[in-house]
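Biologist: Hi, I'm new to this one. Can you pull it up and walk me through a few spots?
Modeller: Sure, here it comes.

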Amino acid sequence: MSEWREAVVLGGLLLGGGIILGTGGRLATLSLLGLYALWSALLVVFVDISAGVALAKGLVGLLVFLILYPIASRMPQGDGSQVAAWPLRLAMLVLAAVGAYGLYFRYPWEFVPSEVAFGVWWMMLVGLLTVLVSTDPLQIGIGLLTYELGFEVGFTTAERGILAAGFLGMIQILLALVTSYLATARAQAPPATKGSGEEERV
Amino acid sequence: MNPILIPLALLLASSLVYLVRRLTHLATWISILICVALVYALWSWPFLSQSQALGRPILLDPIRQVVLSFMLLGSAAFFLFAGQISPGWSYFPFLLFSSGFQALAVMMESLLLEAIFLEIAGLVLVLLVPGGVEGRTRGALALLIALVVAGPLLFGASSLVEETALHPENLTLVRTTAAVLATGFGLLLAVLPLGFYLAGVAYDAPPLVTAFVTGIYQPMVFFVLWSVLGRYPGLGEQASVFLFWGGILASVLGGLLAYAQRTAAGLLAYGALADMGVALVGLGTASSEGAAVAMAHFLSRLLGLALITMGWGAIRYHWGSASAELPMAIGKLPWAAAGYFLGGLSLAGFPGTVGFITRWAVSSAVESSYPIWGLALWASGWAVALGYLRFLDRLWGEDPELPPWKGWVIPVSLLALVAVSLLLGIYPQGIFRLVEAAFVS
């Protein structure tokens, strides 16, 4: 079981890294799908949640991926749409890891296994920092989905009702739809609006 | 009869209207009719005041009847206006859909579901924001970030409030819960960070979308906050501190920022923020009178915001402009200029307007305990009023090439709103009696 735990933590760290570092959206979208799959499996193994709920969460992840990936694949990859350059994004990654570690000790989630609790903080911070360093709607949307997913993993252990899980899944699908709409609207913007300083400030 | 039928009717109507959205007149009238019919049903059909839906308690008491009627009638007025100067085909179905979830949030007695429904209602509104200026997504993204970051805070608070109810003696827990709750609602109300999404939305969205966000969505969020504090009185005292000082900060800084604005969008956003601060201070006084005044403030605020956005919307539509600026309009559209100007003064709480009386009540209550901050609330209103007075200069003038306005629906409805606003400014008891009756019941 301990190898499993190490693999899960390592997998979560790598996928979270993919979200912060992935410019252009394709890598970040794939990393997000990986996080959904990882956490669905993790909820069954560590939190003892019903397989049906975990499967539903996995399906929500798949749907989110299917909504976002076509948009991400049409976007120019690594076009510098993110304001932050590589060194800053790496620094953010380190900051997220250190912050998650600190929060994990300061505010451990009640009833949540330690690996999961660390992962929850890690994903929430990765999501928020991605939002902070991005200006592109797709990247911001992926960051928000990561933040929301991180929280949901921790919250599911306390609130196991199917109703809350269903509505939280609905929010994530709606968030993915809004993200794809905004990314498309931004991509179709006239050149003057697209690159203007006004647009860059969120 | 289960009151869940009301939000369900709105959600079903949104699907129907979506199918006919390209037939603007049909979509307009279906949307208006469903809103008016639901207001009639609210007051005449035998709905249960307490019932169950989705396994949780659902309420439809007199205060909720007033709040839902306010939401539906406000939406109907916006639909009527939108039918003439369409802000986009999606306006009608998306607003009905959002209203359905807002109605669910208002009636539910569970913080988790209230927060979920408010987030869903807000996410739908995000889709309407980029409709104003092609390709601009700044305002939509700011609103999206505020909604999504606030969501988990409120979901988490839903667990914390239950614990707080069980352990009211644990002051650390109570303070933490109050802080999390205030931060979540502060984000939704755009008080944290100061005016975060309001400015972006006002710049990018069509005026009627801005009007719905500030005039309908925010009051519904505010009502849910009031309802949560009422259900958990142990939290009330701690939360009141956050609300009171957050409201003072929002009002004072919002007023100063409003005065500094050079565009109609900026003035609207920060004027609305300053006004929101007044309502928060009312709720933060932790008295039933303060809460009643805060509710009345939202009724009057809707009138002010409707006048501003309808006047500004008509001017922009006639000029074919989608910018944040305000073109000169007094020559050809005096009724629109009058509506815009009066709405601005009302939002600022200028004497003689509908916004005055509630601002006066809150400022006077604060003045008795904190004289400086009471004066600061007055000053913030005057700063917003000066901002609008300065805009008179821009409204002045006439473009000879611009044709006169065609049609009578918009001018007549705007002038009717002007008359109602002035009448309620002179005779504010109308609003107070309505709110008082609902509170007493």
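Biologist: Is Val241(B) buried or exposed, or something in between?
Modeller: Val241(B) counts as partly exposed, because its relative accessibility is 47%, and partly exposed covers the range between under 20% and over 50%. Keep in mind that this is a predicted model.

Biologist: Which element does Val241(B) lie in?
Modeller: Val241(B) belongs to helix α10 of chain B, residues 233-260.

Biologist: And how far is Val241(B) from Ala179(B)?
Modeller: Their C-alpha atoms are separated by 9.8 Å, with the two positions 62 residues apart along the chain.

Biologist: OK, new topic: helix packing. How do people describe two packed helices?
Modeller: By the angle between their axes and the distance between the axes.

Biologist: Then what are those values for α9(B) and α12(B)?
Modeller: The axes of α9(B), residues 207-231, and α12(B), residues 288-319, come within 8 Å and cross at roughly 170 degrees. That makes α9(B) roughly antiparallel to α12(B).

Biologist: Which residues of α9(B) and α12(B) meet there?
Modeller: On the α9(B) side they include Leu208(B), Ile216(B), Phe222(B), Phe223(B) and Trp226(B). On the α12(B) side, among them are Met295(B), Phe298(B), Leu302(B), Arg301(B) and Arg316(B). The residues of this contact of α9(B) with α12(B) split into 16 nonpolar, five polar and two charged.

Biologist: What about α4(B) and α9(B), how do their axes cross?
Modeller: At roughly 10 degrees, and the axes of α4(B), residues 91-107, and α9(B) come within 10 Å. That makes α4(B) roughly parallel to α9(B). From α4(B), the contact includes Tyr91(B), Leu95(B) and Gln102(B), and from α9(B) it includes Phe212(B), Tyr217(B) and Met220(B). The contact residues of α4(B) and α9(B) comprise twelve nonpolar, three polar and no charged.

Biologist: Back to α12(B). How many of the residues of α12(B) are buried?
Modeller: 28 of the 32, so α12(B) is largely enclosed by the rest of the structure.

Biologist: And what does α12(B) reach from end to end?
Modeller: From its first C-alpha to its last, α12(B) reaches 46 Å, close to the 46 Å expected at 1.5 Å a residue. After α12(B) comes Gly320(B), with a positive phi near 65 degrees.

Biologist: How does α3(B) pack on α12(B)?
Modeller: α3(B), residues 62-84, packs with α12(B) at an angle of about 10 degrees, the axes being 11 Å apart. That makes α3(B) roughly parallel to α12(B). Phe70(B), Phe78(B) and Phe81(B) are among the α3(B) residues in the contact, while α12(B) brings residues including Phe298(B), Leu302(B) and Tyr317(B). By type, the contact of α3(B) with α12(B) has eleven nonpolar residues, three polar and no charged.

Biologist: You mentioned a positive phi on a glycine. Which residue other than glycine has a positive phi?
Modeller: Ala190(B) is one of them, with phi near 65 degrees. Ala190(B) sits in the loop between α7 (171-188) and α8 (198-204) of chain B, and at 0% relative accessibility Ala190(B) counts as buried. Leu54(B), not a glycine either, has a positive phi of about 55 degrees. Leu54(B) is in the loop between β1 (50-53) and β2 (56-59) of chain B, and at 38% relative accessibility it counts as partly exposed.

Biologist: Let's switch to chain A. What is the secondary structure of chain A?
Modeller: Chain A has nine helices and zero strands. Of its 202 residues, 54% count as buried. Chain A exposes about 8500 Å², and carbon and sulfur atoms supply 71% of that.

Biologist: How many residues of α5(A) are buried?
Modeller: 16 of the 20, so α5(A) is largely enclosed by the rest of the structure. At 1.5 Å a residue, α5 of chain A, residues 114-133, should span 28 Å, and its end C-alpha atoms are 29 Å apart, which agrees.

Biologist: Last one: what does Ala97(A) touch?
Modeller: Leaving out residues up to four places away in sequence, Ala97(A) touches Phe118(A) and Trp122(A). Ala97(A) is found in α4 of chain A, residues 86-106, and is partly exposed, with a relative accessible area of 27%. From Ala97(A) to Thr179(A) is 26 Å, C-alpha to C-alpha, for two residues 82 apart in sequence.

Definitions and conventions
Residues are numbered from 1 along each chain as its sequence is written. Chains are lettered from A and ligands numbered from 1 in the order in which they are written. This is a predicted model: local features need pLDDT of at least 70, side-chain atom pairs count only at pLDDT 80 or more; totals for chains, interfaces and linings use all residues. Side-chain values use heavy atoms; hydrogens and water are left out. Helices (H or I, at least four residues) and strands (E, at least two) are DSSP runs, numbered from the N terminus. The expected span of a helix is 1.5 Å times one less than its number of residues. Buried means under 20% relative accessible area, exposed over 50%, partly exposed in between (1.4 Å probe, protein chains only). Axes are lines fitted to C-alpha atoms, for helices over the stretch in contact, and angles run from 0 to 180 degrees between N-to-C directions. Angles under 35 degrees count as roughly parallel, over 145 as roughly antiparallel, 65 to 115 as roughly perpendicular and the rest as oblique. Contact means heavy atoms within 4.5 Å. Ala, Val, Leu, Ile, Met, Phe, Trp, Tyr, Cys and Pro count as nonpolar, Asp, Glu, Lys and Arg as charged, and the others, Gly among them, as polar. Accessible areas come from the Shrake-Rupley method with a 1.4 Å probe; for residues, only the protein chains shown count as cover.
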